[in-house]
Structures are given as C-alpha cells and as structure tokens.
Amino acid sequence: MRFDTTGKVSLDDIYNQPDPRTYFRVLRPLGYCVPQLAKPYFVKYIQEYRESLQVAEPRVLDIGCSYGINAALVKYDATMDELYERYGDEARDAEPREALLSRDRELSRSRQPAQPIRFTGLDASADALAYAHEAGFLDDAIHADLEHHDPTPSQRAQLAGTDLVISTGCIGYVTERTLTRVMAAQGGRRPWMAHFVLRMFPFDAVEQALSGLGYRTTRVDELFRQRRFASEREQSLVLDGMSAAGVDARGLEAEGWLYAQLYLSRPNNPNRDPN
C-alpha cells in the first residue's frame, strides 16, 4: 500500500481506468459517501443561484470530477448506492466498456433533469473524463492540470461563462493556483463556489486568494464523512499531520473516518456581476 505526501493512501490507479468499475469496487468497502452528502447542498445552492441571478440553465464546473459522479447525482438524481450497485456487481466484470456506456447513456436519457443544469468536468485523468463525457453525465470535459499549466485558448473558452464551481475532495491537491486560473478565464464574471474540503487540508490560502478576487467565504458548521481510513497506517499518518497542523481530530478522524467541511464563496457584490 503506497501513501502520498499528505499521508493518505495513494488511489491514483482507480482514476486511470477505462470505466468506473475499479473506482467503485475500491471505494465501496471504505464507505466513500461525500458526493451523496454533498448532493442536497449543491442542489440548493444551484437553485439559489438560478433564482437570484435569473439564470435558467446554470453552468457548473466540477473540479476533480473523475467519472462524473457529482453530475450523475445532481443532474440525473442518481444515488451513490445505485452507482455502487451499477458498477460493483462482479457478474458484470466481463461486460465490455461499450455495454456499460450504453446502459449509462440510457440512464442519462431516461431521467430528465427536474431543473436544467449544464455540467463541465475538469480533471487530470483523461480516462475518467472520457468515460463521464461519453456516458452523458458531463456536457463538456476539460482535460488539464491547472496547478502547473495555464489553460490553452480552447480550454479558456470552455471555462468561460461558468456560473458555479464545485468540488468534493480535490482541494488540498488542487490549490488556489487552479481556482485563480479558472477565474482568469471568466472575463470579469465571478461564479459562486462550493468546496467540500477534508479537514486535514487548510483552506486559508484559497480563501485569501478568493478574497483578493472579491469574494467572501463562509464555512458551514456541519461536518461531512468522506470515507473510512484504508488502513491503520493511513490513519496514523493523517493524524500525525493534523496534529502538527494544530487540528484536533478527537471524536472525528481519530474514530476512523476522514471528514470534510463545506466552504461557500460568493462575490461581494453579486448583483453587479455581468451575465
């Protein structure tokens, strides 16, 4: 079992598969659930944006979208339990990728969104993005590493016009560098943001950067389970890092689960944003 520099077990391989079966098989025993817990907050936030700014079909950018899980849950009202059953059935191990895609396209066709939303996914994994886009979960896909590179002109065009930016767990690996590059592509527009951030990662630098761009950020009091630790070693490494950072893990991570907090960022003067 390999660990990354944060102390978390390295799960890079599950994002570099031609379909989501490995992703769900690995995460299911760990109780990975943060997209399901995030869903009602995203739905409410998107609806609030729609009503406040009179945008009929908000454009949502999901950073670190992997296989389009948030889009499947929010746009097509899927659930994590449904997706675990859909991809975790060992009887489908021999099923070709195209057959899996065909069933997912049927899902996206058969469930008309109650409220129109356009989802764009941003991720460094070409395989995960390709599947999410081909399945119909994502309306558009951007394969880019904005931590280290500016977007290309075509990627800037894809990013432009974003209404809301969301994420569930990538902040910490993704930093303010990515968010400022996303903002630079907006031509003066300022999308609303909602980020679920593991407590092991500080949000201060992101909040500061957003403040400099004219945002105010609030933290939701509730805490959200992300997944169980994959091993005692992972828990020990993460707890050591949290202790060194002055984060109290008693009653939370010390009991065996990773926890996230939700940060909501909005422009200081939202009514002045160009549409």
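Student: In which sense do strand E1 and strand E4 pair, and over how many bridges?

Tutor: Keep in mind that this is a predicted model. In it, strand E1 (residues 59–63) runs parallel to strand E4 (residues 164–168), and the pairing covers 3 bridges. For a landmark inside that pairing, look at leucine 61, which stands opposite valine 165 in E4.

Student: What packs on the sheet around there, helix H3 for instance: which strands does it touch?

Tutor: Helix H3 (residues 69–76) touches E1, strand E2 (118–123) and E4, and its direction makes about 170° with that of E2. Helix H8 (residues 176–184) packs on the sheet too, with contacts to E1, E2, E4, strand E5 (192–198) and E6. The direction of H8 makes about 155° with that of E1.

Student: Let me step back, then. What is the strand order of the sheet, and is it open or closed?

Tutor: It's an open sheet of 7 strands, in the order E3-E2-E1-E4-E5-E7-E6, and the pairing is mixed. At the edges you'll find strand E3 (140–143) and strand E6 (215–228), each pairing on one side only. Ignoring direction, neighbouring strands are turned by 20° against each other on average.

Student: Now the empty space. How do I go about finding where it is left?

Tutor: The general idea is to roll a probe the size of a water molecule over the atoms, which shows where empty space is left. Here, the largest pocket holds about 970 Å³ of space.

Student: How many residues line the largest pocket, and which lie nearest its centre?

Tutor: The lining has 37 residues, and those nearest the centre are Tyr15, Gly64, Asp123, Cys170 and Tyr173. By class, the pocket lining splits into 17 nonpolar, 11 polar and 9 charged residues. You can tie this back to the sheet and its helices: helix H1 (21–27), E1, H3, E2, H8 and E6 each supply at least two of the lining residues.

Student: And how many cavities of 30 Å³ or more does a search of the whole structure find?

Tutor: That search finds 2. The largest cavity has a volume of about 40 Å³. Its lining includes Arg59, Val60 and Leu61, along with Arg118 and Thr120.

Student: Which element gives the most to that lining?

Tutor: E1 does, with 3 residues. E2 and helix H7 (153–159) also supply at least two residues each. Sorted by class, the cavity lining has 4 nonpolar, 4 polar and 2 charged residues. Leucine 61 is worth a second look: it stands opposite valine 165 in E4, and it is among the residues lining the largest cavity.

Key:
Residues numbered from 1 in each chain as written. Predicted model: local features only at pLDDT ≥ 70, side-chain atom pairs only at ≥ 80, totals over all residues. Heavy atoms only, no water. Pairing = 2+ DSSP bridges. Helix = DSSP H or I, 4+ residues; strand = E, 2+ residues; numbered from the N terminus. Axes fitted to C-alpha atoms, helices over the stretch in contact; angles between N-to-C directions. Contact = heavy atoms within 4.5 Å. 1 Å grid on protein atoms, 1.4 Å probe; cavity = no way out; pocket = protein on both sides within 12 Å on 5 of 7 lines; lining within 4 Å. Points joined across faces, edges and corners; volume = space filled by probe spheres on them. Nonpolar A, V, L, I, M, F, W, Y, C, P; charged D, E, K, R; others polar.
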